Amino acid sequence: MSEHQLSETSVPIVPTAGLWDRGEVIGAAVLAVAGIAWFGWAQEDPPAPWAPYLIAGSVVSALLLVALVALLVRRLTTPGSPMADPRVRRRYWLTVAVEVVLIVGGNLLLAAVGHQAYDAAWTLFVVGVHFVPLGKLFHARGLALTGVVAAVVAAAAVCLGLAGAVAPSAAAGAGAGVVFIGYAGWVLGRGRRVRTGDVR
């Protein structure tokens, strides 16, 4: 009897589902869509040599989106969602509401003072900052770090614009696109590493 119990407990159980975190996959898919949009915004006034790279960035974003959606459709993610918790939903929508107000208010102010060229940088800065509380809310440190990097990119875009080196929209758009596809790719790769570890 004891030997039978020992043999049962000593056999490793290899999970066949839930290899990717559902919340992370959904967030990464949203950022893949955002990557397409930001690479598009970067094409507003980019240096000529950037054009093919911006198009390539949009293509990579689209491919990542397809891969992430496939994971959701094929049910290769964990079940459930933190958004099922009413408290999480309230905090999420409050954070998003503050984000929207800051973006719209900031862009209106920039328009009033004649600096619409910095709309993209301001928008990216707010988007990046709002990822920090969302990362804490969803226990996703990768998302919070992505927000910090996005905010730094936004500040760099402002500096480049003030120096006359690159249009702020190009710098912010390209930088945001790279950061967002980086996060989407990290989530996709992270799931694969978890899968490899489970199999071992």
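**Helix α4 and the salt bridges**

Q: Which is Arg87, buried or exposed?
A: Relative accessible area decides: buried is under 20%, exposed over 50%, partly exposed in between (1.4 Å probe, protein chains only). At 57%, Arg87 counts as exposed.

Q: What kind of model is this?
A: Residues are numbered from 1 along each chain as its sequence is written, and side-chain values use heavy atoms, leaving out hydrogens and water. Local features need pLDDT of at least 70, side-chain atom pairs 80 or more, and totals for chains, interfaces and linings use all residues; the model is predicted.

Q: Which residue meets Arg87 in a salt bridge?
A: A salt bridge puts a side-chain nitrogen of Lys or Arg within 4 Å of a carboxyl oxygen of Asp or Glu. For Arg87 the N to O distance is 3.5 Å. The partner is partly exposed, at 26% relative accessibility. At the start of α4, a side-chain oxygen of this partner also reaches to within 2.9 Å of the backbone nitrogen of Arg87. The partner is Asp85.

Q: How many Å apart are the end C-alpha atoms of α4?
A: Helices are DSSP runs (H or I, at least four residues), numbered from the N terminus. Expected span is 1.5 Å times one less than the number of residues. For the 27 residues of α4 (86-112) that gives 39 Å, and the end C-alpha atoms agree, at 39 Å.

Q: Which residue forms a salt bridge with Arg190?
A: The whole structure holds two salt bridges. In this one, the closest N and O atoms are 2.7 Å apart. Arg190 lies in α7 (168-199) and its partner in α2 (22-42), so the pair ties together parts 166 residues apart in sequence. Arg190 is partly exposed, at 33%, while the buried partner, at 12%, is Glu24.

Key: Helices (H or I, at least four residues) and strands (E, at least two) are DSSP runs, numbered from the N terminus. A polar contact is a pair of N or O atoms within 3.5 Å; within protein, one must be able to donate a hydrogen and the other to accept it, and residues adjacent in sequence count only if both atoms are side-chain atoms.
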